[in-house]
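Reader: I would like to see how each label in this model follows from a number and a cut-off. Could you take me through some examples?

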Amino acid sequence: YSVPRGAYRIIDNDRFLLGARGLLPRRECYTDEYLAIDDFEDGATFLDINSAWHTLPNRSYLLPQLRNKQIRILVQIYDLIPIRFPQYMVGQTLLRFMEFLTAHLTYADAVLVNTHAVEADVKALFAELHLPEKPIHIVPLGADFTAPADAKKDGAADAEILRKLAGRKFLLTVGTIEPRKNHKVLIEAYEKRLADMGYSVVIVGRVGWEMEGLVSRIKSNRNYGNGLYLLSGVNDATLDALYAQAHMVVFASYTEGYGLPTIESLIKGVPVLCSDIPVMREVGGAFAEYFDPDDPDALIAAVERLDSDAAYQAKRDAIRTQYHPPQWNETARVMESLICQPETGTPYPHKPVKQVVFLSARPAPILATLPYLEAFMPFITELVVCCPEKMASFLQKHYTGRLKLTTITDDELLGGRQLPPDHSTRNFFLRCLAMEQSAIDDEFIMCDDDYRPLCPLTEEVFYKDGKYRGYYFSDIAKWKFHITALFSYDFCHFRTLHFLRSHGYPSLQYSSHQPQLINKVWYREMLAKYPDISVKGYDEWSTYFNYCAVEHAAQYEPLPYVTLSWPPVGGDNKGVFQPEYLFENFYEENYDAGRPFAGFSRSFTDAAGILRENEQKNVIAIRSKVISEEDKAFAQRFCADYEAAHHVQSQCAVYFGGEEDVMPELGVPETIRLSRSRKNHIPVGVSRAAGSAANILPILVEMHVTDEDVTVLYRETFTIAAQLEYTTLTITLPDDLPDDKPLFLRFAVKLAPRPQRTEKVMAIELTE
């Protein structure tokens, strides 16, 4: 991962294989190509393996993004030593491991472990953290190491070391010298009895942290260098020779995730003495001897059990004839099956969709919308409306369209239950109640009363190639950056984001202002799994579809939304651009004079005429989108140019202190580039002291374009809500501004009811 690029560097497969054979340095495996997270292929698998908690990006940042892209996440967890035995870890390692592990336990689709012991530990951790348990797969590490004939050797065995040990009956221990590896018990056993029994001890490994006392004890032993040996930096050939010459191998760790030296010893036919912990019992089985890792006498007793020639030879014969080490080919086969063949449940037996369902208290919008639906969605033959009793009677009397109408009154829907007062909570609550209604099919189109299809559509818009399609328009995690004030709807999304992240679901925003296909069986399954969510005030669309994206991933496909007029034509996008327009979120005001669709039909006339108008609206929307993006690019270029020239940001910034009657502080760039022909976007940042009245009062911004004589040529006033910390103010200059004299933008701020006002002046760089 390249931090400056924010992307992963791609490895060439062929060169990688050469590197694995020792024929190419590792750094030569890399190409000059990079893969950004946003460019990961949808539906791919992300396998997190090796000591990845040391690497960027942090998984709490990365994994939610992968989840949004429907990318399957697998993680290999070798052990939980950093959190189960933090006394053996450096603090920084512990912190990074905790972040890595928590993110994966939340977001991973499956966990890979090497042993049943680690599996049990991970299961226990899921329970302790109150997280839903993910599938756990045991994939033992292989141990049948082979060196290709063409591999580069790292040198011959160290003849001097082997000469010193020639003829000695020694116990070998291999591994980093650190507290967890428990070399102390071996030294104590050597000092207490093993030396007198004629055994030598050879310790091979790098000296780690907090081992100064033990190393000093080893080196001060009278037999150091002549019965007690400490070797670091030995090559593979020397280590192989030491295994071959060793009488026994000792593995005294307090905790392990796998214990590879045990397997290495057994492969070489050498009896091994292991600390009596579950993972060692699992790996060593009946072929190893076991001892209490805190008891040097128990280690001595284990040595004594094999001290006779007969017992020792019997153990070696059993290892030679009966031990079968785990194979790397089997490891690879299991790993490949998990990566390439993800687990899927029984596919839901989809049936053709024929029903549309509305929850509404407004008869007029529904009656205006239905002709569009009848004309352009011919596969729909049934209509269900959940509404107040008076509206139900009205619809039964006045609806004359082709759809078979069923009404469900609010009283029937509520069944005596109280309706929540909050708008967002009420919406989700009612949709949950609708799932109990037998009149509603198991698969149906959910629609609001102002969502209109723009052209002839088939069911494939909602279900295609065996997958249900959900349409999103943003990421809820970015929702707060697109608002100008906080309302009930916004808090609904903050609550929804917390729920989704807590359960490892994606955080895409599905309130896309268009019809969506709902599987009632899956919806009720979600409610059964989380029975209290119906009254929590979550966003009903985003909760359901993000749930499906994980729990029914094999039959679900997230797609960018296809809605016209959300956002309003020419407005800021919400994070995702529509690839096409298939539906219109109908706003009456869009058809007023001076608005984008002025002169077009507000209600259905004839299908051919409406289609012609919709094609024209499509062109208007696309043109507005292009112009809006060009306007933003124009503003961004000025910001970049200004910051490069002046080494400061070009935005306007205002600060309101906590003192009463204190003038607000204001910072603006010296110059500002404005266009005659474009909308001009002026970024403004706001900060407030804790006791400032600006935390509860709106801010008034006045902008005047003047000449040198302070003659006002254009003025505009804006209000910034008390909660807002960052916004963009948009102005469109008049065509008649003079271009033969200097112009200035006077920028003033104040709290709306207060007289204290601060003004700064910027020279205008006027362009077309």
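## From values to labels

Reader: What makes Lys-529 count as partly exposed?

Author: Its relative accessibility is 40%, which falls in the middle class, since buried means under 20% relative accessible area, exposed means over 50%, and partly exposed is what lies in between (1.4 Å probe, protein chains only). Please keep in mind that this is a predicted model, in which local features need pLDDT of at least 70 and side-chain atom pairs count only at pLDDT 80 or more, whereas totals for chains, interfaces and linings use all residues. Residues are numbered from 1 along each chain as its sequence is written, and side-chain values use heavy atoms, with hydrogens and water left out.

Reader: How do you know that Lys-529 forms a salt bridge with Glu-551?

Author: The closest N and O atoms of Lys-529 and Glu-551 are 3.1 Å apart, and the pair therefore satisfies the rule that a side-chain nitrogen of Lys or Arg be within 4 Å of a carboxyl oxygen of Asp or Glu. Lys-529 belongs to helix α20 (residues 520-529) and Glu-551 to helix α21 (residues 540-551), so that the pair links parts 22 residues apart, where helices (H or I, at least four residues) and strands (E, at least two) are DSSP runs numbered from the N terminus. Glu-551, at a relative accessible area of 31%, is partly exposed.

Reader: Why is α21 described as mostly covered, and what shows that its span agrees with expectation?

Author: Of the 12 residues of α21, 11 are buried, among them Trp-541, Tyr-544 and Phe-545. The expected span of a helix is 1.5 Å times one less than its number of residues, so the 12 residues of α21 should span 16 Å, and with its end C-alpha atoms 17 Å apart the two values agree.

Reader: How many salt bridges does the rule give, and what qualifies the pair of Lys-354 and Glu-382?

Author: The count comes to 48 salt bridges. For Lys-354 and Glu-382 the N to O distance is 3.9 Å, which meets the limit. Lys-354 lies in the loop between α14 (328-340) and β13 (355-359) and Glu-382 in strand β14 (residues 382-387), so the pair ties together parts that are 28 residues apart in sequence. Lys-354, at 32% relative accessibility, is partly exposed, while Glu-382, at 18%, counts as buried.

Reader: Why does Arg-678 count as bridged to Asp-631, and is Asp-631 buried or exposed?

Author: The closest N and O atoms of Arg-678 and Asp-631 are 3.4 Å apart, which satisfies the same criterion. Because Arg-678 lies in the loop between β28 (671-675) and β29 (680-688) and Asp-631 in helix α22 (residues 607-646), the bridge ties together parts 47 residues apart in sequence. Asp-631 has a relative accessible area of 2% and is therefore buried.

Reader: What makes the pair of Phe-287 and Tyr-323 edge-to-face?

Author: The structure holds 30 aromatic pairs. In this one the ring centres of Phe-287 and Tyr-323 are 5.4 Å apart and the planes stand at 75 degrees, so the pair is edge-to-face; rings of Phe, Tyr and Trp (its six-membered ring) pair if their centres lie within 6.5 Å, and planes under 30 degrees apart count as stacked, over 60 as edge-to-face and the rest as tilted. Phe-287, at 19%, is buried, and Tyr-323, at 12%, counts as buried too.

Reader: Why, then, is the pair of Phe-462 and Phe-583 called tilted?

Author: The rings of Phe-462 and Phe-583 have their centres 6.1 Å apart and their planes at 45 degrees, so the pair is tilted. Phe-462 lies in the loop between β17 (451-453) and β18 (463-464) and Phe-583 in strand β25, so the pair ties together parts 121 residues apart in sequence. Phe-462 has a relative accessible area of 0% and is buried, and Phe-583 is buried at 0% as well.

Reader: How do you know that His-130 is exposed?

Author: Its relative accessible area is 72%, so His-130 passes the limit for exposed. His-130 lies in the loop between α5 (116-128) and β6 (136-138), and has a positive phi of about 55 degrees although it is not a glycine.
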